[in-house]
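Colleague: Please pick one part of this model and take me through it closely, in words that a first-year student can follow.

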Amino acid sequence: MLTWSFRRFGARYPRLAIALWFQVAHLIVAGGVLLLDLYVDLTRTQLVTIFVVAELAVLVENAAAIGIVWRLLAPADPWLRGDRNPRTALKAWRALAGAPLAFVRWGRAVPFLVNVIPISVFLVYELDAELWPAFFPLAAGVAVVLLYGVFLRFFGLELVLRPVLEEVSRDLPDGPGVASVSVPLKWKLLIALPAINIISGVTVVGLASPDTAGLKQLGFGVLVTIGVSFTVSLELSLLLLRSILQPLDDLQHGTARVAAGDLTARVPVLGTDETGRLAGSFNTMVSGLQERERLREAFGAFVDPDVAERVMAEGHVLEGQEADVTVLFLDIRGFTAFAEREGAREAVARLNDLYELIVPVLVRHGGHANKFIGDGLLAVFGAPERLDDHADRAVAAALEIVTRARARYGERLRLGIGLNSGPVVAGTIGGGGRVEFTVIGDAVNTAARVEEATRITGDDILLTEATRVLLRADHGGFVGRGDAELKGKRERVHLHAPLSGAAQGRAVQLRAI
């Protein structure tokens with residue numbers, strides 16, 4: 001019903017709901033007058049007079065209390081009126097969630113000034129009792145009624161504002177950022193349980209001893225119930241408090257560990273009640289997260305991390321997108337003979353050792369290893385993440401790869417790297433439940449042909465004119481290698497070699513590579 005009311009009245013709902021809920025104070029006062037009648041034999045005239053005066057006092061206090069709460073809700077108005085973004089949502093959440101506690105803090109003096117003191121003085125006058133001896137038990141009785149009203153208002157505010165808070169929380173930014181604005185559950189229980197005992201005790205004393213009741217009995221009843229609530233009943237309250245809060249503390253610590261990245265966190269399941277089932281659900285959830293993280297790590301080992309993130313977010317079918325990229329094609333020279341000579345096990349070990357060196361270099365420069373082809377590798381700069389300087393990144397990565405490979409293997413292992421830039425289509429391709437992310441286009445084929453040309457020129461790295469014209473840095477300079485006739489290309493392709501990786505002399509005429 002409250003959710004429906006919020007949807008029906010919109011921005012007006014919080015203030016309308018609060019104004020309506022606070023009218024319960026009139027019912028509480030009526031109950032308080034009846035409670036007084038249990039202790040004092042009131043005539044009909046006295047009963048009606050006290051009822052009218054008390055209700056008028058509460059009417060004044062109610063108006064002041066409603067005005068206080070309405071002002072406390074002012075920071076939530078922009079969000080309620082439609083300006084919904086993380087900043088206004090955060091202000092609205094703080095105002096709405098903190099309204100019950102803020103009301104108790106800012107309005108705590110109003111009930112005492114408008115209700116307790118004036119009503120107690122009036123009761124002394126109306127009952128024709130001696131002022132000071134009668135004032136204190138009457139004030140204690142009125143304070144008990146007031147205490148009941150404060151608790152109803154406090155928890156009522158939390159109840160009526162819940163639908164709004166549920167809606168606001170959807171616009172809150174993820175992560176920390178909300179301040180502590182409400183009363184912790186521990187203090188709610190520590191205050192509410194004794195208060196309930198006091199209210200119940202005063203009522204029971206009045207009902208149980210109607211013949212001996214009086215103002216002295218009222219004062220005595222208040223004192224006894226206060227004593228019992230904070231002695232005998234306190235031990236039971238603390239045990240109940242511990243029974244509820246200990247599992248919640250375990251859950252809080254567990255969620256903090258998970259938020260910090262510790263997916264081994266588990267909380268003890270101490271029973272089959274609501275907190276026990278919640279603990280079990282938490283452990284099941286974290287176990288699922290741990291399994292998902294293992295799958296993600298395994299997935300990321302077979303697929304580039306950037307691609308893995310896109311697949312996790314968009315699904316396994318990534319629609320092909322056109323992009324301008326630089327393709328790096330790498331091959332190990334003479335690896336077939338090495339594998340035949342050393343055996344398959346040693347060949348695989350050497351490849352893994354080499355790729356352990358190469359892949360981090362590609363990632364550091366913004367590229368990704370798109371495909372491992374035996375002793376060859378296809379890398380892409382500019383997809384799936386668009387890069388304006390993809391050519392410079394690819395050349396820098398190629399130079400670093402060659403330098404590191406020479407430092408580790410010397411002349412025992414030589415690389416050939418071909419670079420070419422151009423438009424491609426990047427997306428998933430496959431069928432029958434098996435797909436892979438790849439790039440397709442003439443730029444890819446040309447890069448492979450350029451790598452083959454390194455075997456003729458003797459250079460470690462060759463790049464096309466299409467890549468060189470995109471460079472913003474000189475990368476140590478380049479030397480021309482002439483025009484090459486590449487298979488599948490109608491026009492000859494002009495090639496360049498970085499000076500740092502160039503072979504001695506100039507290559508012969510390149511044909512049909």
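Modeller: Two strands pair if DSSP finds at least two bridges between them. The strands and helices themselves are DSSP runs numbered from the N terminus, with at least two residues (E) for a strand and at least four (H or I) for a helix. This is a predicted model, in which local features need pLDDT of at least 70 and side-chain atom pairs need 80 or more, while totals for chains, interfaces and linings use all residues. Residues are numbered from 1 along each chain as its sequence is written, and side-chain values use heavy atoms, with hydrogens and water left out.

Let's look at strand S3, which covers residues 376-381. Six of its six residues are buried, so S3 is mostly covered (buried means under 20% relative accessible area, exposed over 50% and partly exposed in between, with a 1.4 Å probe and protein chains only). Look along the strand and you will see its residues point in two directions: Gly376, Leu378 and Val380 go one way, while Leu377, Ala379 and Phe381 go the other. Both sets are buried.

Now for the neighbours of S3. Strand S1, residues 321-332, pairs with S3 in the antiparallel sense, over six bridges. One place to find this pairing on the model is Val327, whose bridge partner in S3 is Val380. Val380 is also one of the residues pointing the same way as Gly376 and Leu378.

Strand S2, residues 368-373, is joined to S3 by five bridges, and these two strands run antiparallel as well. Here you can follow Lys371 across to its bridge partner in S3, Leu378. At Ile373, the residue standing opposite in S3 is Gly376. S2 and S3 form a hairpin with two residues between the strands. In that hairpin, Gly374 takes a positive phi near 60°.

To set S3 in context, here is another covered spot, Phe22. This residue is found in the loop between H2 and H3. Phe22 counts as buried because its relative accessibility is 0%. Between Phe22 and Ile66 there are 7.4 Å in space, C-alpha to C-alpha, although they are 44 residues apart in sequence.

A search of the whole structure finds five aromatic pairs (ring centres of Phe, Tyr or the six-membered ring of Trp within 6.5 Å; planes under 30 degrees apart are stacked, over 60 edge-to-face and the rest tilted). Phe22 and Phe103 make a tilted pair, with 5.4 Å centre to centre and 55° between the planes. The pair links distant parts of the chain, 81 residues apart: Phe22 sits in the loop between helix H2 (13-21) and helix H3 (24-39), and Phe103 in helix H6 (residues 86-106). Phe103 is buried, and so is Phe22. Elsewhere, Phe151, Phe154 and Phe155 are linked by ring pairs into a cluster.

So when you turn back to S3, keep this picture: a buried strand that pairs antiparallel with S1 and with S2.
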